[in-house]
Amino acid sequence: MSTAPAREPSPGTELIATRAPGRPSVRWWRRARRTPALVAGAVILGVMVVLAVFAPVLAPYDPSAQDLGNGLRPPSAAHWFGTDQLGRDIWSRVIAAASTDLRIAVLAAITPFVVGVAVGLVSGYAGGWLDWVIGRVVDTFVAFPFYVLVIAVVFAAGTGERGIYVAYALVGWISYARVIRARTRTLCREGWVQAAYGGGLSHPRVVARHLLPNVLPLAVVLLMTEILLIMVAVVTLGYLGLGVQPPTPDWGTMISDGQLFLTTRWWVPTLPGLAVVTTGVGLSLLGDGLADVWRLR
Amino acid sequence: MRWVGRSLLAVVPVTIGVVLAVFFLLRIVPGDPAAMILGERATTASIEALRQQLGLDLPLGRQLGDWLVGVFTRGDIGTSLVTSQPVASLVASRAGLTALLVLLSVVFTVLIAVPLAMLAASHKDGPLDHLVRVVPTIGMAMPTFWVGLLLILVFGVNLHWLPVGGVGTGPGEPLRSLVLPALTVALGMSPPLVRALREQLVEVLDADFVVTLRAARLPSWRIQAHVLRNAAGPTVSLLGLNVAYLIGGTLVIEKVFAINGLGALLFSSISTRDFPVVQGIALVLALTVVLVSFLTDAVVALLDPRVRAA
């Protein structure tokens, strides 16, 4: 993936970039290390992922162990994030929830990524009536408020993880399709795409071997934004009671359970939200950083 | 006039698409909607009765035909399973409050986003610009409902400035109750808008006419006024593009602030598994979005003769 953009030099800035010494992957790393947004994003996200993956080992307490005599305690040395109404350690629950919510966000992002990039490429390359029809389908989906569509599908498919996957597979491809289609159309006007086809390559080969590597960096940048969106959506659905169901720890349900104590025990609803924001900032910095390294702006 | 014709050419297929999509939305998922509505303890007989009531026993083509004829000729978008009221009147009874909240959110969004974008664009690549670009990165990562809770904590509980839940009655009270929720939605809405608007403004500030105005030694506030006029079109069209997002965010925020609008109706219909109401709300909101997008395009065309000519 990291070598993809360099393999197909396009006119302009990319040519200058390829003149730097070293193999493409080495050059990529050199540039990446000098992009502060990318480094910061990778570090933040890396920490969150480590916390999520090793949550069972790192959690000081069992995330579901209740201690009713010790409920609603403020943050302290023993309980970094305090305890909730059932005396459960909020820090342990926050990192346990990280593994639930991050896993769902990443898994739910895969199908829309593949479908959206494929639809965008085909729509942009083929043009004509196919492009028109896909354009109208996209317009139709865009007309639905995101949460209304997701909530309706979750309602039909059932609450919980399954509903989220179905809902996202249905609506998530739109943004890729739009962006990749526009990019593909621009690329198709460039000489080398026409030359590739004129040189005797088949349509599928032009799309898969020449256009795809050129749009992939853009799609990966978008993927970061989408994972962020899905994570926020999973948390929001959890808050609404339509997402991850208890007793599985989830940031959204933690916030909604804690909302009752907002006025008197602020740490119960607010600290899980801080975990969402931290992860989200990591993701958007990573996306911005990748865009900088690949010179997409 | 050519412009109107071309826009309608895009609006009509999307309207039909939305009506079709709503029909298939709740039917694409494998399984029987009637069984899903009644839950696990339903008997075969009660499921069969509900299937007949909803018309689910008819062939799919016939169901689709009935749905299309109902929607397009009578404006009939279904009947609530719980209250037996027409969905249209249920939606109408709640839509006012939600519409007010959306409008107020738009006002706040403009008040937040336009000055910030101006500030960033006129200090391009300076520290202020970087600050205005970093803050939205954080803003985008915040779930709006959580921002709502923070605002309640700060303005409602600690400062006692504003009501924190429900909608008050009495003169001016409803509007006062909607300030915090609208501000929440606006804060969620602003980050992408600030970014996009900044790009537009940077372009306008580089335009020849601005250089001429500067050369003519026009006072800076008068130049700003000219720039703002040129930014009005992009602002309106960006708001139009994001109206779906805006409405979705509003529904979620209703839950945080206990506002009895369309969002509340949606969530209560979901918990009572009132399938036609969920379907009807999705339809009405999507059609609203289509209409608003069309209208914003029209406003942009009115504001900018170049769009009309293009």
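# A tour of two helical chains and their interface

Begin with chain A of this predicted model and follow the sequence from its start, where the elements run in the pattern α-α-α-α-α-α-α-α-α-α-α-α-α-α. Chain A is thus built of 14 helices and zero strands, and its C-alpha atoms occupy a box of roughly 75 × 50 × 30 Å when taken along the principal axes.

Next, select residues 90-126 and residues 203-240 of chain A, which are helix H6 and helix H12, and look at the place where their axes come within 7 Å and cross at roughly 145°. With the view turned onto this pair, H6(A) can be seen to pass H12(A) in a right-handed crossing. If the residues of this contact are coloured by class, 23 of them are nonpolar, while one is polar and one is charged.

Stay in chain A and move to helix H7, residues 128-143, where A:Arg136 and A:Asp139 both lie, three residues apart, or about one turn of the helix. Showing the two side chains brings up a salt bridge between A:Arg136 and A:Asp139, in which the closest N and O atoms are 3.0 Å apart. Over all chains, the count of salt bridges comes to seven.

Now hide chain A and display chain B, which has 14 helices and zero strands, again written along the sequence as α-α-α-α-α-α-α-α-α-α-α-α-α-α. The C-alpha atoms of chain B fill a box of roughly 80 × 55 × 40 Å along the principal axes.

Within chain B, select H11(B) and H13(B), whose axes lie 9 Å apart and which pack at an angle of about 145°; the crossing of this pair is right-handed. On the H11(B) side, show B:Val243, B:Ala244, B:Ile247 and B:Leu251, and on the H13(B) side show B:Leu285, B:Val289 and B:Val292, since these are the residues that meet. The residues of this contact divide into seven nonpolar, no polar and no charged.

Bring chain A back into view and turn to the interface. Which residues should be selected there, and how many does each chain give to the contact? Chain B contributes 44 residues and chain A contributes 42 residues. The area buried between the two chains is about 3,800 Å², and carbon and sulfur atoms give 84% of that area. To see where chain B loses the most area to chain A, select B:Phe145, B:Trp146 and B:Leu149, which together account for 16% of what that side buries.

For the polar features of the interface, select B:Arg195 and A:Asp288, which form a salt bridge with their closest N and O atoms 3.4 Å apart. One salt bridge is found across the interface of chain B and chain A, and three residue pairs are found in polar contact there, with both residues of a pair at pLDDT 80 or more.

To finish, colour the side of chain B that touches chain A by element: those that give two or more residues are helix H1 (2-25), helix H6 (127-140), helix H7 (144-158), helix H11 (243-256), helix H12 (262-271) and helix H13 (275-303) of chain B. Recoloured by class, this side of chain B shows 37 nonpolar, three polar and four charged residues. Helices H11 and H13 of chain B, named here among the elements that touch chain A, are the pair already visited for their right-handed crossing.

Definitions and conventions. Residues numbered from 1 in each chain as written. Chains lettered and ligands numbered in written order. Predicted model: local features only at pLDDT ≥ 70, side-chain atom pairs only at ≥ 80, totals over all residues. Heavy atoms only, no water. Axes fitted to C-alpha atoms, helices over the stretch in contact; angles between N-to-C directions. Helix = DSSP H or I, 4+ residues; strand = E, 2+ residues; numbered from the N terminus. Left-handed = near helix turned anticlockwise from the far one by under 90°. Nonpolar A, V, L, I, M, F, W, Y, C, P; charged D, E, K, R; others polar. Contact = heavy atoms within 4.5 Å. Buried area = accessible area lost by both parts, 1.4 Å probe. Salt bridge = Lys/Arg side-chain N within 4 Å of Asp/Glu carboxyl O. Polar contact = N/O pair within 3.5 Å; in protein donor to acceptor, adjacent residues only side chain to side chain.
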